[in-house]
Amino acid sequence: MSIWKPEDHVPQEIKDLLAEEQPNYVMAFLNVVQLLKIQKRTGWLDFGINECESISDHMYRMGITSMMIKDPKVNKDACVRIALVHDLAESLVGDITPNDPVGKDEKHRRELDTINYLCDTFIAKYNEEAARQVLDDWLAYENVSTLEARYVKDIDKFEMLVQCFEYEKKYNAAKNLDQFWSAMSSIKTDEVKSWADDLFKRRTAFFKEHAK
Ligand SMILES: Nc1nc2c(ncn2[C@H]2C[C@H](O)[C@@H](COP(=O)(O)O)O2)c(=O)[nH]1
Ligand SMILES: [Mn+2]
(Lines give C-alpha, C1' and ligand atoms only; values in the text may rest on other atoms or scores of the structure.)
(Ligands and ions follow the chains in the order given, each with its own letter.)
Protein backbone atom coordinates (compact mmCIF):
# COMPACT_ATOMS: atom_id res chain seq x y z
CA MET A 1 0.00 0.00 0.00
CA SER A 2 1.50 3.40 -1.00
CA ILE A 3 2.43 5.91 1.71
CA TRP A 4 0.00 8.82 2.21
CA LYS A 5 1.49 12.06 0.78
CA PRO A 6 0.02 15.61 0.95
CA GLU A 7 0.73 16.38 -2.70
CA ASP A 8 -1.53 13.48 -3.70
CA HIS A 9 -4.46 15.21 -2.00
CA VAL A 10 -4.19 18.67 -3.56
CA PRO A 11 -7.13 19.34 -5.93
CA GLN A 12 -6.00 19.43 -9.59
CA GLU A 13 -7.27 23.01 -9.96
CA ILE A 14 -4.79 24.14 -7.30
CA LYS A 15 -1.99 22.06 -8.81
CA ASP A 16 -2.68 23.82 -12.13
CA LEU A 17 -2.34 27.20 -10.41
CA LEU A 18 1.08 26.17 -9.06
CA ALA A 19 2.19 25.07 -12.54
CA GLU A 20 1.57 28.51 -14.07
CA GLU A 21 4.47 30.68 -15.25
CA GLN A 22 3.86 33.22 -12.47
CA PRO A 23 1.69 31.49 -9.86
CA ASN A 24 -0.43 33.56 -7.48
CA TYR A 25 0.69 31.76 -4.33
CA VAL A 26 -1.57 33.76 -2.03
CA MET A 27 -4.65 32.81 -4.05
CA ALA A 28 -3.52 29.18 -4.38
CA PHE A 29 -3.02 28.97 -0.61
CA LEU A 30 -6.44 30.47 0.03
CA ASN A 31 -7.89 27.84 -2.29
CA VAL A 32 -6.31 25.26 0.05
CA VAL A 33 -7.71 27.04 3.13
CA GLN A 34 -11.16 26.90 1.49
CA LEU A 35 -11.00 23.13 2.02
CA LEU A 36 -11.26 23.86 5.77
CA LYS A 37 -14.36 25.96 5.14
CA ILE A 38 -16.14 23.16 3.27
CA GLN A 39 -15.03 20.11 5.32
CA LYS A 40 -17.38 19.37 8.18
CA ARG A 41 -16.11 18.13 11.53
CA THR A 42 -16.12 14.32 11.48
CA GLY A 43 -16.98 13.88 15.15
CA TRP A 44 -20.45 15.37 14.61
CA LEU A 45 -21.04 13.58 11.30
CA ASP A 46 -20.29 10.30 13.16
CA PHE A 47 -23.41 11.02 15.23
CA GLY A 48 -25.67 11.93 12.32
CA ILE A 49 -25.38 15.68 12.93
CA ASN A 50 -25.11 16.43 9.23
CA GLU A 51 -25.74 20.16 9.27
CA CYS A 52 -22.74 20.71 11.49
CA GLU A 53 -19.82 23.13 11.76
CA SER A 54 -16.78 23.05 9.47
CA ILE A 55 -13.16 22.72 10.55
CA SER A 56 -12.62 26.45 10.03
CA ASP A 57 -15.75 27.32 12.05
CA HIS A 58 -14.11 25.49 14.95
CA MET A 59 -10.77 27.27 14.51
CA TYR A 60 -12.44 30.68 14.16
CA ARG A 61 -14.30 30.35 17.44
CA MET A 62 -11.11 29.14 19.11
CA GLY A 63 -9.43 32.34 17.91
CA ILE A 64 -12.21 34.45 19.39
CA THR A 65 -12.08 32.44 22.64
CA SER A 66 -8.31 33.04 22.84
CA MET A 67 -9.01 36.79 22.95
CA MET A 68 -11.02 36.27 26.14
CA ILE A 69 -8.13 34.86 28.22
CA LYS A 70 -7.58 36.92 31.38
CA ASP A 71 -4.28 35.36 32.54
CA PRO A 72 -1.75 38.25 32.25
CA LYS A 73 1.14 35.78 31.72
CA VAL A 74 -0.34 34.71 28.38
CA ASN A 75 0.45 36.29 24.97
CA LYS A 76 -3.14 36.27 23.61
CA ASP A 77 -2.08 37.32 20.10
CA ALA A 78 0.10 34.21 19.92
CA CYS A 79 -2.89 32.14 21.12
CA VAL A 80 -5.05 33.56 18.31
CA ARG A 81 -2.37 32.70 15.75
CA ILE A 82 -1.98 29.15 17.10
CA ALA A 83 -5.75 28.64 17.14
CA LEU A 84 -6.02 29.71 13.50
CA VAL A 85 -3.31 27.34 12.25
CA HIS A 86 -3.56 24.34 14.60
CA ASP A 87 -5.85 22.29 12.27
CA LEU A 88 -4.51 23.78 9.01
CA ALA A 89 -3.09 20.41 7.91
CA GLU A 90 -6.62 18.96 8.00
CA SER A 91 -7.23 20.84 4.72
CA LEU A 92 -5.49 17.91 3.00
CA VAL A 93 -5.37 15.24 5.74
CA GLY A 94 -9.05 15.56 6.69
CA ASP A 95 -10.53 15.66 10.18
CA ILE A 96 -9.43 12.44 11.88
CA THR A 97 -11.22 11.57 15.15
CA PRO A 98 -9.62 9.74 18.11
CA ASN A 99 -11.64 6.64 17.07
CA ASP A 100 -10.36 6.65 13.47
CA PRO A 101 -8.46 3.45 12.39
CA VAL A 102 -5.69 5.70 10.99
CA GLY A 103 -4.22 5.89 14.50
CA LYS A 104 -2.31 8.62 16.37
CA ASP A 105 1.19 8.11 14.91
CA GLU A 106 0.08 8.00 11.26
CA LYS A 107 -2.24 11.00 11.85
CA HIS A 108 0.72 12.93 13.27
CA ARG A 109 2.98 11.89 10.36
CA ARG A 110 0.42 12.98 7.76
CA GLU A 111 -0.24 16.30 9.50
CA LEU A 112 3.48 17.08 9.98
CA ASP A 113 4.25 16.26 6.33
CA THR A 114 1.28 18.40 5.27
CA ILE A 115 2.12 21.50 7.32
CA ASN A 116 5.69 21.37 6.00
CA TYR A 117 4.36 20.92 2.46
CA LEU A 118 1.92 23.84 2.77
CA CYS A 119 4.60 26.12 4.25
CA ASP A 120 7.20 25.20 1.62
CA THR A 121 5.00 24.95 -1.48
CA PHE A 122 2.59 27.83 -0.85
CA ILE A 123 3.32 30.25 2.01
CA ALA A 124 7.14 30.55 1.75
CA LYS A 125 6.91 31.17 -1.99
CA TYR A 126 5.25 34.49 -1.14
CA ASN A 127 6.47 35.26 2.39
CA GLU A 128 9.22 33.21 4.04
CA GLU A 129 8.75 34.88 7.43
CA ALA A 130 5.04 33.99 7.39
CA ALA A 131 5.89 30.36 6.59
CA ARG A 132 8.31 30.25 9.54
CA GLN A 133 5.68 31.73 11.87
CA VAL A 134 2.97 29.27 10.76
CA LEU A 135 5.29 26.31 11.22
CA ASP A 136 6.50 27.55 14.62
CA ASP A 137 2.93 28.08 15.85
CA TRP A 138 1.78 24.71 14.52
CA LEU A 139 4.72 22.86 16.12
CA ALA A 140 4.18 24.70 19.44
CA TYR A 141 0.60 23.38 19.46
CA GLU A 142 1.60 19.87 18.39
CA ASN A 143 4.28 19.67 21.08
CA VAL A 144 2.44 21.81 23.66
CA SER A 145 5.78 23.56 24.04
CA THR A 146 4.56 26.98 25.28
CA LEU A 147 2.05 28.32 27.81
CA GLU A 148 0.09 29.73 24.87
CA ALA A 149 -0.06 26.30 23.23
CA ARG A 150 -1.28 24.81 26.51
CA TYR A 151 -4.12 27.32 26.60
CA VAL A 152 -5.03 26.68 22.94
CA LYS A 153 -5.03 22.91 23.54
CA ASP A 154 -7.50 23.53 26.37
CA ILE A 155 -9.57 25.89 24.22
CA ASP A 156 -9.67 23.22 21.47
CA LYS A 157 -11.45 20.91 23.89
CA PHE A 158 -13.56 23.64 25.53
CA GLU A 159 -14.80 24.97 22.17
CA MET A 160 -15.70 21.43 21.12
CA LEU A 161 -17.69 20.95 24.36
CA VAL A 162 -19.54 24.25 23.93
CA GLN A 163 -20.44 23.04 20.42
CA CYS A 164 -21.39 19.64 21.80
CA PHE A 165 -23.81 21.18 24.32
CA GLU A 166 -25.23 23.42 21.55
CA TYR A 167 -26.00 20.28 19.51
CA GLU A 168 -27.43 18.45 22.55
CA LYS A 169 -29.80 21.37 23.10
CA LYS A 170 -30.58 21.64 19.37
CA TYR A 171 -31.59 17.96 19.34
CA ASN A 172 -33.45 18.27 22.64
CA ALA A 173 -31.25 15.72 24.42
CA ALA A 174 -32.08 13.12 21.76
CA LYS A 175 -28.40 12.63 20.78
CA ASN A 176 -26.15 10.86 23.25
CA LEU A 177 -22.85 12.72 22.90
CA ASP A 178 -21.49 11.57 26.27
CA GLN A 179 -18.22 10.31 24.78
CA PHE A 180 -17.11 13.85 23.86
CA TRP A 181 -17.31 14.91 27.52
CA SER A 182 -14.34 12.70 28.42
CA ALA A 183 -12.37 15.66 27.00
CA MET A 184 -13.07 17.48 30.29
CA SER A 185 -10.12 15.64 31.86
CA SER A 186 -7.77 16.92 29.12
CA ILE A 187 -8.27 20.55 30.18
CA LYS A 188 -5.33 21.58 32.38
CA THR A 189 -5.25 25.38 32.86
CA ASP A 190 -7.25 26.77 35.80
CA GLU A 191 -8.92 29.49 33.72
CA VAL A 192 -10.25 27.21 30.95
CA LYS A 193 -11.07 24.54 33.55
CA SER A 194 -13.31 27.08 35.31
CA TRP A 195 -15.14 27.75 32.02
CA ALA A 196 -15.54 24.03 31.38
CA ASP A 197 -16.73 23.23 34.91
CA ASP A 198 -19.52 25.79 34.61
CA LEU A 199 -20.43 24.47 31.15
CA PHE A 200 -20.62 20.92 32.51
CA LYS A 201 -22.86 22.03 35.42
CA ARG A 202 -25.26 23.61 32.92
CA ARG A 203 -25.22 20.49 30.74
CA THR A 204 -25.92 18.28 33.74
CA ALA A 205 -28.87 20.49 34.77
CA PHE A 206 -30.17 20.41 31.19
CA PHE A 207 -30.23 16.60 31.09
CA LYS A 208 -31.76 16.40 34.59
CA GLU A 209 -34.54 18.70 33.37
CA HIS A 210 -35.03 16.55 30.26
CA ALA A 211 -35.10 13.32 32.27
CA LYS A 212 -38.27 14.46 34.13
N1 LIG B 1 -16.52 10.56 17.93
C2 LIG B 1 -15.72 11.36 18.66
N3 LIG B 1 -15.10 12.35 18.00
C4 LIG B 1 -14.31 13.15 18.76
C5 LIG B 1 -14.08 12.98 20.14
N6 LIG B 1 -13.22 13.96 20.55
C7 LIG B 1 -12.95 14.68 19.46
N8 LIG B 1 -13.63 14.20 18.40
C9 LIG B 1 -13.63 14.71 17.04
C10 LIG B 1 -13.81 16.19 16.92
C11 LIG B 1 -13.19 16.44 15.60
O12 LIG B 1 -14.11 16.11 14.58
C13 LIG B 1 -12.01 15.47 15.56
C14 LIG B 1 -10.65 16.01 15.99
O15 LIG B 1 -10.72 17.28 16.44
P16 LIG B 1 -9.37 18.20 16.59
O17 LIG B 1 -9.85 19.58 16.83
O18 LIG B 1 -8.65 17.59 17.75
O19 LIG B 1 -8.63 18.02 15.28
O20 LIG B 1 -12.35 14.44 16.49
C21 LIG B 1 -14.75 11.90 20.78
O22 LIG B 1 -14.61 11.68 21.98
N23 LIG B 1 -15.55 11.11 19.99
MN1 LIG C 1 -8.97 21.41 16.70
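Glu168 lies in helix 9 of this predicted model. With a relative accessible area of 0%, Glu168 is buried, because this value falls under the 20% cut-off. Its partner in a long-range comparison is Asn127: Glu168 and Asn127 are 41 residues apart in sequence, and their C-alpha atoms are 43 Å apart in space.

Helix 9, which spans residues 147-170, also takes part in the surroundings of the ligand. Together with helix 3 (42-45), helix 9 is a contributor of at least two residues to the shell around ligand 1. How many residues surround ligand 1, and which are the closest? The count is 16, and the closest are Arg41, Gly43, Glu90, Asp95 and Gln179. Sorted by class, this shell holds 5 nonpolar, 6 polar and 5 charged residues. As for the site itself, ligand 1 takes up the space of the largest pocket.

Polar atoms of the ligand can be paired with particular side chains. The side chain of Gln179 has an N or O atom 2.5 Å from a nitrogen atom of ligand 1. For Arg41, an N or O atom of the side chain is found 2.8 Å from an oxygen atom of the ligand. His58 offers a further pairing, with a side-chain N or O atom at 3.3 Å from an oxygen atom of ligand 1. On its own, ligand 1 has 500 Å² of accessible area, and the protein covers 89% of it.

Gly43, one of the closest residues to ligand 1, also serves as a reference point for helix 10. Arg203 lies in that helix, and its C-alpha atom is 19 Å from that of Gly43, with the two positions 160 residues apart in sequence numbering. Is Arg203 buried or exposed? At 8% relative accessibility Arg203 counts as buried, since the cut-off is under 20%.

Just past helix 10 (190-211), the chain reaches Lys212, which is placed in the segment after that helix. Lys212 has a relative accessibility of 79% and therefore counts as exposed, the cut-off being over 50%. The side chain of Lys212 is joined to that of Glu209 by a polar contact of 3.0 Å.

A histidine gives a further view of the polar contacts. His86 sits in the loop between helix 5 (76-85) and helix 6 (90-93). The relative accessibility of His86 is 3%, so this residue counts as buried. What does the side chain of His86 reach? One partner is the backbone oxygen of Ala83, at 2.8 Å. Another is Asp156, whose side chain is joined to that of His86 by a polar contact of 3.2 Å.

The loop between helix 9 and helix 10 contains Ser186. Its relative accessible area is 29%, so Ser186 is partly exposed. Ser186 and Asp154 are 32 residues apart along the chain, yet their C-alpha atoms are separated by 7.2 Å.

The backbone also deserves a look. Most residues other than glycine have a negative phi. Where is Asn172, and what is its phi? Asn172 is located in the loop between helix 9 and helix 10, and its phi is near 50°, a positive value in a residue other than glycine. Asn172 counts as exposed, because its relative accessibility is 53% and the cut-off is over 50%. Val144 likewise has a positive phi, near 45°, and is a residue other than glycine. The place of Val144 is the loop between helix 8 (128-143) and helix 9. At 31% relative accessibility, Val144 counts as partly exposed, because this value lies between the 20% and 50% cut-offs.

Methods: Residues are numbered from 1 along each chain as its sequence is written. Chains are lettered from A and ligands numbered from 1 in the order in which they are written. This is a predicted model: local features need pLDDT of at least 70, side-chain atom pairs count only at pLDDT 80 or more; totals for chains, interfaces and linings use all residues. Side-chain values use heavy atoms; hydrogens and water are left out. A residue is near a molecule or strand if one of its heavy atoms lies within 4 Å of it. A polar contact is a pair of N or O atoms within 3.5 Å; within protein, one must be able to donate a hydrogen and the other to accept it, and residues adjacent in sequence count only if both atoms are side-chain atoms. Accessible areas come from the Shrake-Rupley method with a 1.4 Å probe; for residues, only the protein chains shown count as cover. On a 1 Å grid over the protein atoms alone, a cavity is a set of points where a 1.4 Å probe fits but cannot get out, and a pocket is an open set with protein on both sides within 12 Å along at least five of seven lines; lining residues have an atom within 4 Å of a point. A molecule sits in a cavity or pocket if more than half of its atoms lie within 2 Å of its grid points. Helices (H or I, at least four residues) and strands (E, at least two) are DSSP runs, numbered from the N terminus. Ala, Val, Leu, Ile, Met, Phe, Trp, Tyr, Cys and Pro count as nonpolar, Asp, Glu, Lys and Arg as charged, and the others, Gly among them, as polar. Buried means under 20% relative accessible area, exposed over 50%, partly exposed in between (1.4 Å probe, protein chains only).
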